[in-house]
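Visitor: I am new to protein models. Please show me how to read one, feature by feature.

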Amino acid sequence: MAMDQLDRAAEQARQDLLRATDTVTPPSAETVIRRAQRRRQGRMAAGVAVAALVVGSTVVWLRPGGDDRSKVVAGQPATTTTEAPLVAAPPPGQVVVIEPASTGRPGAMVVLDVATGAVVRTLGADYGIYPSNGFQVTPDGRTLYWNRLNEPAQKIELVRQPIDGGTASVAVPNGAQPRFTSDGALMVFQSAGNPVGFVRRDLTSGADRDLPTPGEAGEVVVNTAFEQGRRTLVAITTRPVATCSGPGPGPNCPPSSPSPFHGWTIDVDDPGATWKPFATTATWDGGILLGPGPDPGSILLSRSEQPSGTRIAEVTADGTVPHEIQLPSGYRPLNVDRTGTNILVASDNALARVTLADPRPVRIAGPARLATW
Amino acid sequence: VEAVEIDPARLRAGGAGIVQVEDGRAEFGAVYAAEYRPLLRLAFALTGQWSTAEDLTQEAFLRLHQRWVTVAAYERPGAWLRRVLINLATSRARRLAVEARGLARLGRQRRDEPAVDPDHARFWAAVRQLPKRQAQAVALFYLEDRPTAEVADILGCAEGTVRALLHQGRQTLRQQMAGDDTSEG
């Protein structure tokens with residue numbers, strides 16, 4: 001193949017880079033090996049400490065900490081990498097879990113102690129369907145909201161369940177995706193309809209007000225989250241993968257090409273507000289909102305990519321991505337606590353937690369179908 | 001795992017600069033010596049920052065050391081290293097703003113960094129503007145002069161996918177170069 005202008009430019013750029021790095025002296029291999037050994041020792045030490053704390057329980061430190069974040073600079077002593085500081089908040093003491101079939105109690109809804117993994121309380125069993133978007137605990141940690149199918153009425157009920165074991169009641173007869181402001185004063189949920197609507201509920205007075213529907217014509221809402229500490233709701237929308245009138249897939253129901261995801265934002269306190277595009281450098285395609293992020297005005301966005309796996313990014317209202325982590329292979333994110341720092345993740349055999357500062361999963365309990373702080 | 005000095009005569013190329021010893025198991029020190037600069041260049045091409053490139057390269061070797069028992073037996077440990085580095089770079093790309101702020105906070109002069117010709121640096125900058133997978137394929141293809149089968153091995157995808165990524169990436173770069181020529185003319 002004849003070399004064209006692009007190939008020539010590429011070759012020249014390559015030669016320039018080869019020349020530029022000819023004189024680079026790598027840090028000695030021994031220095032790297034010592035760092036690797038220190039990191040390994042640190043993890044082992046942390047593992048021993050944790051094991052001592054939870055002896056007799058089922059909690060296991062999957063990949064103990066002790067990360068060595070120092071960086072070796074060629075010809076200079078080690079320095080510390082600089083990263084934006086992260087708010088550190090202890091994880092909530094309890095987590096609500098829907099157990100999978102592999103536990104022998106499929107659909108059982110239980111409250112677990114995060115430190116020990118022990119079952120504190122069983123809230124019920126066999127509730128039917130649990131859309132993951134509908135499984136939320138209020139910021140005060142006292143009430144669980146979830147969705148269940150009312151088969152005779154063919155409605156998705158949004159059910160309110162006191163976590164201390166009180167009686168469940170229907171909060172919304174046909175609603176889904178509850179989201180709470182961090183002060184717990186407001187809830188926004190999706191109401192049934194075509195297109196679906198959004199309703200803002202004042203949890204003190206019980207007053208409802210309709211909100212406009214986000215997205216362009218023909219798009220669906222993927223999910224929503226409130227920005228940290230604000231009454232600004234963020235939504236992701238996209239076009240359905242396939243739209244068909246009959247049973248699909250088939251000749252009458254061809255899959256359409258994937259369409260981009262879009263981010264939108266609205267001030268739910270402003271009665272005249274409309275959804276505005278969420279300007280950010282982050283790519284929304286294939287992403288879901290996990291919940292509020294750790295910094296004021298931020299949200300957490302999760303994206304799964306092959307082969308790199310699942311990444312979680314903190315996206316701020318000014319469009320930057322100050323923090324991002326990659327989950328270990330096989331883990332998927334489930335939920336984040338009200339501080340935006342403790343993220344529940346699950347694999348095929350474990351429920352665990354991670355933070356933006358340390359993406360190594362810390363096991364809480366066995367497998368979970370869904371879980372929320 | 002110990003790094004040991006080995007006789008260079010015992011080394012043989014395992015394809016595209018990948019180093020192996022006679023018994024089929026690579027040695028960490030040899031792989032490190034052979035691969036540090038190529039990885040640094042690849043990291044620079046993908047990130048555009050020497051400090052980030054150093055950080056990514058060292059992190060890739062730290063991870064190599066942690067998994068040395070397994071990776072040393074691979075036919076191409078260098079391919080594993082590059083995949084790790086690319087994954088790290090993908091994640092780091094979103095954090096460049098953070099690093100820039102951090103470096104500004106430090107407010108200290110960095111040591112001398114390799115000098116890249118600004119004209120040629122623009123080429124790598126254009127590569128970084130491509131979608132991530134295209135940029136990775138183009139960097140491996142042009143910078144490391146790898147055949148598409150090896151690029152596919154590193155990126156963990158089919159060779160046909162790599163060819164498509166390269167086609168799209170090269171097309172965009174050509175259009176960009178044509179645009180640059182027009183604007184400069």
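Guide: We will go from the chains to strands, a loop residue, rings and confidence.

Guide: First, the ground rules. This is a predicted model, where local features need pLDDT of at least 70, side-chain atom pairs count only at pLDDT 80 or more, and totals for chains, interfaces and linings use all residues. Residues are numbered from 1 along each chain as its sequence is written, chains are lettered from A and ligands numbered from 1 in the order in which they are written, and side-chain values use heavy atoms, with hydrogens and water left out.

Visitor: How many helices and strands are there in chain A and in chain B?

Guide: Both are DSSP runs, numbered from the N terminus: helices are H or I with at least four residues, strands are E with at least two. Chain A has two helices and 26 strands. Chain B has nine helices and two strands. Along its sequence, chain B reads β-β-α-α-α-α-α-α-α-α-α.

Visitor: What share of each chain is buried?

Guide: Buried means under 20% relative accessible area, exposed means over 50%, and partly exposed lies in between (1.4 Å probe, protein chains only). In chain A, 48% of the 373 residues are buried. In chain B, 51% of the 185 residues are buried.

Visitor: Which helix of chain B is largely enclosed, and why?

Guide: Look at helix α7(B), residues 132–142. Eight of its eleven residues are buried, so the helix is largely enclosed by the rest of the structure. Among them are B:Gln134, B:Val138, B:Leu140 and B:Tyr142.

Visitor: How do strands pair?

Guide: Strands of a sheet pair through backbone hydrogen bonds, either parallel or antiparallel. Here, two strands pair if DSSP finds at least two bridges between them. Take β4 (residues 109–113) and β5 (residues 119–124) of chain A. They run antiparallel and are joined by four bridges. A:Met109 faces A:Gly124 of β5(A). The two strands form a hairpin, with five residues between them. In the turn, A:Gly117 has a positive phi of about 80°.

Visitor: Which strands make up the open sheet, and in what order?

Guide: Four strands of chain A line up as β14-β15-β16-β17, with antiparallel pairing. At the edges are β14 (220–226) and β17 (276–277), each pairing on one side only. Six bridges link β14(A) to β15 (residues 232–238) of chain A. Across that pair, A:Val221 stands opposite A:Thr237.

Visitor: Where is A:Thr316? Is A:Thr316 buried or exposed?

Guide: A:Thr316 sits in the loop between β20 (309–315) and β21 (323–326) of chain A. It is buried, with a relative accessible area of 10%.

Visitor: What does A:Thr316 touch?

Guide: A contact means heavy atoms within 4.5 Å. Setting aside neighbours within four places in sequence, A:Thr316 contacts A:Phe278, A:Gly297, A:Ser298 and A:Pro322. The side chains of A:Thr316 and A:Asp318 also share a polar contact of 2.3 Å. A polar contact is a pair of N or O atoms within 3.5 Å; within protein, one must be able to donate a hydrogen and the other to accept it, and residues adjacent in sequence count only if both atoms are side-chain atoms.

Visitor: How many aromatic pairs are there over all chains?

Guide: Rings of Phe, Tyr and Trp (its six-membered ring) pair if their centres lie within 6.5 Å; planes under 30 degrees apart count as stacked, over 60 as edge-to-face and the rest as tilted. The whole structure has eleven such pairs over all chains. One is B:Phe28 with B:Tyr32: stacked, 6.2 Å centre to centre, 20° between the planes. These residues are four apart in helix α1 (residues 28–47) of chain B, so about one helical turn separates them. B:Phe28 is buried at 1% relative accessible area, and B:Tyr32 is buried at 4%. By contrast, B:Phe123 and B:Trp124 are edge-to-face, because their planes stand at 80°, with centres 4.9 Å apart. Both of those residues are buried.

Visitor: Which residues form one aromatic cluster?

Guide: B:Phe28, B:Tyr32, B:Tyr36, B:Phe61 and B:Trp68 do.

Visitor: Where in chain B does pLDDT stay under 50?

Guide: pLDDT is the predictor's confidence in each residue, from 0 to 100. Chain B has a mean of 74, and 69% of its residues reach 70 or more. Over residues 1–24 of chain B, pLDDT stays under 50. Residues 92–110 of chain B are also below 50. Where pLDDT is low, the predicted coordinates should not be read in detail.
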